[in-house]
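Biologist: Could you take me through this one? I'd like to ask about folds, faces and cores as we go.

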Amino acid sequence: MLMAGEACAFRGFGHQTIAAIADNHLTENTKREVYSILKADNMVKHANWVTSQRSRAKRVSEWQYATLDANGKSTTTYENDGVVVIEKAAEVLRNRKNESDSLVFASLCTLIEIVGDIHCPGNIHIEGNEATKNFAFTRWNGRKVEEKNRLKSKWREMWHDYTKTHDVFTPQYYAEDLEIILLKKKAEYEKGTPRFWAENVGEDVVWCLKVIYPEAEVTNETVYRYEDINNRCMAKAGYRLAALLNNIFKQ
Amino acid sequence: MKRFAIIFCAFVSVLGVQSAKAWHNFAHGSIAYMAEQHLSPEAKSKCNYYLRHTLSHYASWMDAWRLERFEVVNKSHASMSMPDGINLDFKSGDPAGGVMGHLVNALAELGDGKYKNLPDSVVRQRLINMAHYVPDMYCPSHVLFPESVHPSQKAHKLYEKGKKLGYHRFWDHCLGREGRVKWEYEELAAAVDKVSKKRVAEIQSGSLEDWGRDIIRLAQRSIEIVPMGTDVAYMPEEQVAAVRELVYEAAVLGAYRLAYVLNTIFADKNIPVYNDKK
């Protein structure tokens, strides 16, 4: 399961951290309902459930991506698009009294993971912009220009690295680290719908691609600076997941 | 005990792939985590304000940055030089007395409430640096003894399964090794941070001169515990235990003193440099 998790842009650990942030902001009523469905005392344990199901259904691998049109708008109705998957899962949870326990469980786990997925810049595809699907670029240490110090890197893998350097944190401690500066933005971030959220991340993607683009040569320092965007996206995902669940379970 | 022995064996088997720098990144993160647990509410709040992250997040920043901009961060941030081997004069020697000189300078800049007069970015950078080099000072291999005291320090070679292994490299990675077997910061901190209140009071007192002497004692013990020529892959259990005891003590000193430095700065106080009126 852990190995499969590495295929996600935020990696399994990143999803666990997003779940830990969301755990911090669930209402008492939502906690009771969510933890009862999960039969757990937090969402972290189930943050990689969708990834663990990929071997059972190939289409599940597509759920992590959200596609925007050429204008950066989420208008798709494709059933395996991340945004559409979130909308369907939320609908199941709203109708949970008429659905089977297993479907309710699967839908909740889907929300926990896919809300995180559509917040990873590496998972946003913009129609007409092939670079958003993945590309190679070169990074080097900014000090020595020898060939051995120039490393080939990839757009999607770049987003892995930020969570990788925090692997020795627990998800809860990493969540604390991210919230130090971003908690004050919670009210601003949690607004909107899943479609708006994907479009919001799409804006970050367009901005990032001005500096890191196919065949670009950038210093590690540039790549490190993008960590702020990664952190912001993770915090947004956590706050938005909590807001969505609080809305679904408010009654 | 058993766990450490297993971990330690695992460590020596992969030591060859480690790079030579200060405490391993994992050790730095764990020590910073430990320090964070002992910050006063005021210091915690101020650190959050300036750093915008936890101390652990920045614990290895200086090592990472050294690879980017070597001219800004140099070796003097990691080692303590002893020009004559007896007197600790932090204002002389390899620039401004090595790492202790940096701490003296930082406290002069930030202590007694002076941090309030500095731009946020300057305070932030000083905190990032201290989160790294205060624990680094306690790494047993970071004292550069003059030849009159330890003529063989540079030649103090160890072995690992018959292959040469640097004394510096061995000690740098002793504590960090736990991270390679999926420990998290909090687990290592829990294993190491078992200090009595009395000991904490001892650690968090005295002058920087006293702290410097603690560092020298650690360094001297490291040479006695693992003498030149030791094959670290085949150390008896008692020797492994002595190594563990030393690196845990170093971690505790680094963590509690980092916390004390930050608590002192944000209580608008300062730490004396010398015991007497030099």
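**Burial, a hairpin and a core**

Biologist: What share of the 278 residues of chain B counts as buried?
Modeller: A residue is buried if 20 or more other C-beta atoms, placed from the backbone, lie within 10 Å of its own, exposed if 12 or fewer, and partly exposed in between. For the 278 residues of chain B, the buried share comes to 45%.

Modeller: Before we go on, this is a predicted model, where local features need pLDDT of at least 70 and side-chain atom pairs count only at pLDDT 80 or more, while totals for chains, interfaces and linings use all residues. Residues are numbered from 1 along each chain as its sequence is written, and chains are lettered from A and ligands numbered from 1 in the order in which they are written.

Biologist: Which residues of strand β3 in chain B point to the buried face?
Modeller: Strands are DSSP runs of E, at least two residues, and helices are runs of H or I, at least four, numbered from the N terminus. Side chains alternate along β3(B), residues 157–160, with B:Lys157 and B:Tyr159 on the face that is not buried. That leaves the buried face to B:Leu158 and B:Glu160.

Biologist: Which residue of β4(B) stands opposite B:Glu160?
Modeller: Strands pair if DSSP finds at least two bridges between them; β3(B) and β4(B), residues 163–166, run antiparallel with four bridges. They form a hairpin with two residues between them, and B:Lys161 in the turn has a positive phi of about 50°. B:Leu158 stands opposite B:Leu165, and opposite B:Glu160 is B:Lys163.

Biologist: Which helix of chain B gives the most to the largest nonpolar core?
Modeller: Such a core is a set of buried Ala, Val, Leu, Ile, Met, Phe, Trp, Tyr and Cys residues joined through C-beta atoms within 7 Å. The largest has 133 residues, of which A:Leu111 and A:Leu241 touch the most other members. With 15 residues, the top contributor is helix α12 of chain B, residues 237–265.

Biologist: Why does A:Asn95 count as exposed?
Modeller: A:Asn95 sits in the loop between α5 (82–94) and α6 (101–117) of chain A. A:Asn95 counts as exposed because its C-beta neighbours inside 10 Å number 12.
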